[in-house]
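Biologist: Can you walk me through this one? I'd like the quick version.

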Amino acid sequence: MKGYRIKATILSIFSMGLGQIYNRQIIKGIVFLLVEAWGIFYFSGTLGRALWGIVTLGDEPRRLVKGKWLEGDHSIFILVQSLITLLFFALFIAVYIMNIRDAYKTARNREEGRKPNDFKQSVRYVLDYKFAQSFLSLPALGILFFTIMPIMFMIMLAFTNYSAPNHIPPAKLVDWVGFQTFRDLLSLKTWSHTFFGVLTWTIIWAVLSTLTTYLGGMLVALLINQQGIKFKGLWRTILVIPYAIPQLISLLVMRNMFNGQFGPINQYFSYFGLAGLPWLTDPFWAKVTVIVVNMWVGIPVSMILIMGILTTIPKDMYEAAEMDGASGYQKFRIVTLPMVLFSTAPTLIMLFAGNINNFNAIYLLTSGNPVVGDYQYAGATDLLVTWLYKLTLDQNKYNMASAVGIIIFLIIASFSIYNYRRTKSFKEEDMIQ
Amino acid sequence: MNGRKARKGVRLGLSYLVLIILSIGAVYPALWVVLGSFRPGKSLYSKTLIPESFTLEHYRELFNSQSILFGQWYLNTLKIATLSMIIGVFLTLLTSYALSRFRFRLRKTALSTILILGMFPGFMSMIAIYLLLKEWHLLDTHLALVIVYAAGAPLGGTFIAKGFLDTIPRTLDEAAKIDGASNWMIFTRIILPLSRPMITYMALTQFVGPWVDYIFARLVLRTKENWTLAVGLYDMVASNQNTNFTAFAAGSVLIAVPITILFIFLQRLLVDGLTSGASKG
């Protein structure tokens, strides 16, 4: 009875499905064979070109031959196509390895004297024991092609010279340049000045906007939650309105209201005989405006969050504090504050990370303006993300934009992973059950 | 005793004062837009908050104008939002159910991957998706938006959904399994009905997304007839700023009112969604 294993494995390595057919799993074997046939058909035409494409990024740009434009290689399309082909190939290899392992396992079972599953049983087996994996395959495919592939593509772009005006296909080719983009970004005077300027403001913005909305939210929550305040539900509903209005609309409305010339706010100022302020056009005031408007948008979120937590603080803790003669302020400092801080710490860090990336609050309100003269395509209120957006869409400096994107990712990722690792749910999630 | 009462009175009075000021601050911009949409003329500013006369002209203009295809945009957005909501919620549920209920190899890796992918700035992938859609001839179609919104849904929603599913006792599944239920039956008969609040929350966030997403819709949709509301509205502000503020206000009202009502109505649910995310990570 020996020898099934070796034969089945070798047959499977030789061609998908043969091992299964040898194991008398005919339908399964045919399915595998069909997959392989498709694979050979598809990859024979594309794999070679994909490898060539990803190494060279094209040889010939579009050129003029005898007065006619001859289409050359479009480096960026070649890169995307190569990437897709290689991803498909990786999937194919994964299926191939599965096929070999399957043949080996079935053969081992046969050596131990068990009959191989027929097709129906195989399907049942998958549904019962490999349910999670088969369940996950659909979303995984979506994520692979619409998230992972694009991110890989953008990471690759950071190592090319794909940027206006000198390296835009189809007229020109794009080439690999290694870490040159990062070197330029961090050490070339014009770029590094902009980068560190924008980075500094991004951090100031993230700290200030998180603190103002969090403390503001806590203050409002405590105000409403005080003993003796009537119509608590009403106050809450009114104060949560800014959160319920879609940001797109409220921020565009604010952009109008703070408009220096026509905006109602300055018109009210002049109505009372005051001079208007350059809300969105002066670098300093623009920064103040975005922080204030962000408070309007952000306080309701932390307000409902903290109100939710206030209700979970056990009453007896306050009673115990009262017995010991604690004043209102002491009760707040000893009971309320630690409880709230403790439960919201993870959310606070996520809010902070979210604010680093708060595209809407900046772009819809100021578009990153006012422009700063000695910056490379950035304005006084630009965050790294809005700068990235401008570099991509307006300036076509794709390689710089990708480098900035990678740096943003590193910043956010370090916060979030630190945060996630220390929350209980990751370590002890099975404790709940 | 009297002094204490007086102090309490002062404290309450001050609190009410602050609350009133805050409420005015919270409501004023919204009110200003709503009333602005009924005000005759096109101006951004008026001396009085409440207009001297009311008119529905701007709403009529939205639907009759040649340059503002508001009705068309509304239908487009509704279609995209509904489809991407259904598919996105389905995908998120699949992901979170598998990750919450089963223990398998690579599970932790899958969780970390989802977490890390969620941290990339969304439009970092924009250019690649744009090229991909171009490659598949999907540019300027609504299908493209539906696919992209739905495919992105599991990244955003899985953790909240999984946190919720973790709280459904696993003994329920085990009891059903003993009674001979398959995994699929457990999913449809037990898990789905029990997670209705979470599904509502997810569906709502997924539904609202397309109404307010400007960045991506702008990139994909090229012809005016295919635009969504967000693109159209931004265009109204960017191209007609100040000249036709009142039409913009009317458009804003028509978008904001349904969404705002949904949010206030489901506020309770929202609080649960947020706090369960907070306490359980």
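Biologist: How many helices and strands are in chain A?

Modeller: Chain A has 19 helices and 2 strands. Those are DSSP runs numbered from the N terminus: helices are H or I with at least four residues, strands E with at least two. This is a predicted model; local features need pLDDT of at least 70, side-chain atom pairs count only at pLDDT 80 or more, and totals for chains, interfaces and linings use all residues. Residues are numbered from 1 along each chain as its sequence is written, and chains are lettered from A and ligands numbered from 1 in the order in which they are written.

Biologist: Is chain A spread out or a compact globule?

Modeller: Spread out. Its radius of gyration is 30 Å, well over the 22 Å from the globule rule for 433 residues, so chain A is more spread out than a compact globule. The radius is over C-alpha atoms; the rule is 2.2 Å times the number of residues to the power 0.38.

Biologist: What does the C-alpha trace span?

Modeller: About 95 × 80 × 35 Å along the principal axes of chain A.

Biologist: Switching topic. Which domains is chain A divided into?

Modeller: Domain 1 (4–178) and domain 2 (183–431), with bounds from an automatic or database domain assignment. Their C-alpha centres lie 43 Å apart.

Biologist: And chain B? How many residues does the contact take from each chain?

Modeller: 78 from chain A and 72 from chain B. Contact means C-beta atoms, placed from the backbone, within 7 Å. On chain A's side, helix α6 (residues 131–157) gives the most, with 17 residues.

Terms used: Two residues are in contact if their C-beta atoms, placed from the backbone, lie within 7 Å.
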